[in-house]
Amino acid sequence: MKWLTRAWHGGDLTEEEDAQVNAAYSRHLAEIAPRLRDGAEVLVSAVNLHDGQVQGWQGPSEGVFELRALIGDLQVGYEFITLRYRDADLIGVPPHDFSALGLTHPGAGLLYAEVDIAEDGRFEHRVLCWPDSEFGVRFRSVEVTRRPASPEDRR
């Protein structure tokens with residue numbers, strides 16, 4: 001994570017530092033917004049992973065990584081979301097061992113996500129997780145699908 005770090009999430013920053021981080025990430029998003037495409041723009045505008053629960057994943061295999069999660073809350077409602085990344089590489093995860101993050105364990109969850117553009121021109125979706133991990137996906141495109149869920153679907 002570059003902006004929305006564990007220190008930022010944990011309240012370890014002063015109010016001024018927190019405001020600076022929020023402003024810097026907002027400026028970053030405004031700067032890259034015209035270059036976001038192929039689903040990356042949807043990650044910024046219409047996907048909120050906060051308090052999401054990972055339901056499963058596939059890959060990465062042949063350049064495809066798929067992440068399935070339950071997201072939402074009582075105010076906005078719940079839904080199952082699938083993020084299917086293409087030309088994808090995992091960042092910060094042992095090769096072919098996404099399970100090492102323990103994201104399907106009770107109490108584990110997704111906290112915050114940030115979007116960036118990598119040096120190779122692909123996009124990066126980085127996710128801070130509870131209790132103590134993070135991962136990223138570098139990708140060329142992402143397909144987002146959703147289906148309704150209910151509060152009872154939470155673990």
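These are my notebook entries on a predicted model of a protein.

**Overall fold**

I started with the secondary structure, which comes to 3 helices and 8 strands. Going from the N terminus, I read the order as α-α-α-β-β-β-β-β-β-β-β. I then looked up the radius of gyration: it is 15 Å, close to the 15 Å from the globule rule for 155 residues, so the protein is as compact as a globular protein of that length. The C-alpha trace spans about 40 × 35 × 30 Å along the principal axes.

Next came burial and surface. Of the 155 residues, 41% are buried. The exposed area is about 8,300 Å², and carbon and sulfur atoms supply 48% of that. I also checked how the contacts spread along the sequence: taking pairs at least 6 apart, 59% join residues at least 24 apart.

**Charges and salt bridges**

I counted charges too: there are 16 positive and 26 negative side chains, with the centres of the two sets 5 Å apart. My search of the whole structure for salt bridges turned up 12. I went through a few of them.

Which residue does E79 pair with? Its partner is R146, and the closest N and O atoms are 2.5 Å apart. E79 sits in strand 3 (residues 77-86) and R146 in strand 8, so this pair ties together parts that are 67 residues apart in sequence. I checked accessibility at both ends: E79 is partly exposed at 21%, and R146 is partly exposed as well, at 36%.

D116 and R126 form another salt bridge, with the closest N and O atoms 3.1 Å apart. Here D116 is in strand 5 (residues 109-117) and R126 in strand 6 (residues 123-130), 10 residues apart. Are these two residues buried or exposed? D116 has a relative accessible area of 10%, which is under the 20% cut-off, so D116 is buried. R126 also comes out buried, with a relative accessible area of 10%.

I then followed salt bridges that share partners, and found that they join D87, D89, D120, R122 and R140 into one network.

**Around G56, E66 and R68**

R68 forms a salt bridge with E66, and I read 3.3 Å between the closest N and O atoms. E66 counts as buried at 12% relative accessibility, while R68 is partly exposed at 27%.

Both of these residues came up again when I looked at G56, which is found in strand 1 (residues 53-61). What does G56 touch, apart from neighbours within four places in sequence? I noted contacts with E66, L67 and R68. G56 and E66 are 10 residues apart in sequence, with 8.4 Å between their C-alpha atoms. G56 counts as buried, at 6% relative accessibility.

**Backbone oddities**

I went looking for cis peptide bonds and positive phi values, since most residues other than glycine have a negative phi, and most peptide bonds are trans.

One cis peptide bond joins G59 and P60, with omega at about 5 degrees. P60 is in strand 1. Another cis bond joins W130 and P131, where omega is about 10 degrees. I placed P131 in the loop between strand 6 and strand 7 (133-139).

For phi, E62 is near 50 degrees, a positive value in a residue other than glycine. E62 lies in the loop between strand 1 and strand 2 (64-73). Its side of the accessibility question was easy to settle: E62 is exposed, with a relative accessible area of 81%.

D87 also has a phi near 50 degrees, again positive in a residue other than glycine. Where is D87? I found D87 in the loop between strand 3 and strand 4 (89-91). At 37% relative accessibility, D87 counts as partly exposed. This is the D87 that I had already listed in the salt-bridge network.

**After the last strand**

My final lookup was P151, in the segment after strand 8 (141-149). Not counting residues up to four places away in sequence, P151 touches L74 and Y78. I also checked P151 against I71: the two are 80 residues apart in sequence, and 10.0 Å apart in space from C-alpha to C-alpha. P151 has 38% relative accessibility, so I logged P151 as partly exposed.

Methods:
Residues numbered from 1 in each chain as written. Predicted model: local features only at pLDDT ≥ 70, side-chain atom pairs only at ≥ 80, totals over all residues. Heavy atoms only, no water. Helix = DSSP H or I, 4+ residues; strand = E, 2+ residues; numbered from the N terminus. Rg over C-alpha atoms; globule rule 2.2 N^0.38 Å. Buried < 20%, exposed > 50% of the residue type's maximum accessible area, 1.4 Å probe, protein only. Contact = heavy atoms within 4.5 Å. Areas by Shrake-Rupley, 256 points an atom, 1.4 Å probe, with all protein chains shown as cover. Lys, Arg positive; Asp, Glu negative; His and termini not counted. Charge placed at Lys NZ, Arg CZ, Asp CG, Glu CD. Salt bridge = Lys/Arg side-chain N within 4 Å of Asp/Glu carboxyl O.
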